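This report walks through a single protein chain, from the packing of its helices to some individual residues. Please look at the sequence and the structure before reading on.

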Amino acid sequence: MDFQKNYLASVKFEFQRYKTMGDKTFAQITDVDIHWKYTDSDNSIALIVKHMVGNLLSRWTNFLTEDGEKSWRERDMEFEEPFLTKTEMISAWEKGWNCLFGALSNIDSSNFKNKIKIRGEDHTIIEAINRQLAHYANHVGQIVFVGKMIKGKDWDSLSIPKGASKAFNKKTFGTGRP
């Protein structure tokens, strides 16, 4: 597999992995939970998702031909008036991720070396994708952490739970160590 195809397959996998972590967090929380904040100055899951959706739609709509910071985006408003329900939040979440995956599917050998702009600054396709992958990983980590804070001892771990590494390794590798 050539570099371009390998890179795109890898980033699609990573983006999907982070989306799934968000999905699994949403499955554990309620409509009330999406508005919970540790302190008044913090962002709730509903606000983090609203910001992510604004970013997803702005960056990935017409990714190859328009600046990733769209004139219609109102970033400051992404941190006000959160989604009212979990259903509304998830619907927007899906729309944002679908925009990203649609844009990635349009990248091929004819445009892989093109430059794109984000806030007027030139980026290679790789730079732009890596920038967004890091941004979304950060926010999904926040979503998961807040979900874990909300659920406390009732949280279903999204990875290997504390104290379960040896059992995981034994099941996966047939031994306590890989």
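## Helix α3 against helix α4

Helix α3 passes α4 in a left-handed crossing, a crossing being left-handed if the near helix is turned anticlockwise from the far one by less than a right angle, and right-handed if clockwise. The model is a predicted one, in which local features need pLDDT of at least 70 and side-chain atom pairs count only at pLDDT 80 or more, while totals for chains, interfaces and linings use all residues. Residues are numbered from 1 along each chain as its sequence is written, and side-chain values use heavy atoms, with hydrogens and water left out.

The axes of α3 and α4 lie 13 Å apart and make an angle of about 155°, where axes are lines fitted to C-alpha atoms, for helices over the stretch in contact, and angles run from 0 to 180 degrees between N-to-C directions. α3 is therefore roughly antiparallel to α4, given that angles under 35 degrees count as roughly parallel, over 145 as roughly antiparallel, 65 to 115 as roughly perpendicular and the rest as oblique. On the α3 side the residues that meet α4 are Trp93, Trp97, Leu100 and Leu104, and on the α4 side they are Ile129, Tyr136, Val140 and Ile143, contact meaning heavy atoms within 4.5 Å. This contact divides into eight nonpolar residues, no polar and no charged; Ala, Val, Leu, Ile, Met, Phe, Trp, Tyr, Cys and Pro count as nonpolar, Asp, Glu, Lys and Arg as charged, and the others, Gly among them, as polar.

## Helix α2 against helix α3

Helix α2 (residues 45-60) and helix α3 (residues 86-105) have axes that come within 9 Å and cross at roughly 30°, so the two are roughly parallel to each other. The contact involves, among others, Val49, Leu56 and Trp60 of α2 together with Trp93, Gly96 and Leu100 of α3, and its residues comprise 16 nonpolar, one polar and one charged.

## The nonpolar core

The largest nonpolar core, a set of buried Ala, Val, Leu, Ile, Met, Phe, Trp, Tyr and Cys residues joined through side-chain atoms within 4.5 Å, has 41 residues, and those with the most contacts inside it are Phe15, Val49, Trp60, Phe63 and Ile129. At least two residues of this core come from each of α1 (3-26), α2, α3, β1 (115-118) and α4 (125-151). Ile129 touches residues including Tyr7, Phe15, Trp60 and Leu104, when residues up to four places away in sequence are not counted.

## Residues in the loops

Leu64 is found in the loop between α2 and α3 and, at 23% relative accessibility, counts as partly exposed; buried means under 20% relative accessible area, exposed over 50%, and partly exposed in between (1.4 Å probe, protein chains only). Its C-alpha atom is separated by 8.6 Å from that of Lys117, 53 residues apart along the chain.

Glu81, also in the loop between α2 and α3, has a positive phi of about 45° although it is not a glycine, and its 62% relative accessibility makes it exposed. Arg119, in the loop between β1 and β2 (121-124), has a positive phi of about 55°.

## The chain overall

The protein chain has five helices and two strands, where helices (H or I, at least four residues) and strands (E, at least two) are DSSP runs, numbered from the N terminus. Of its 178 residues, 38% count as buried.
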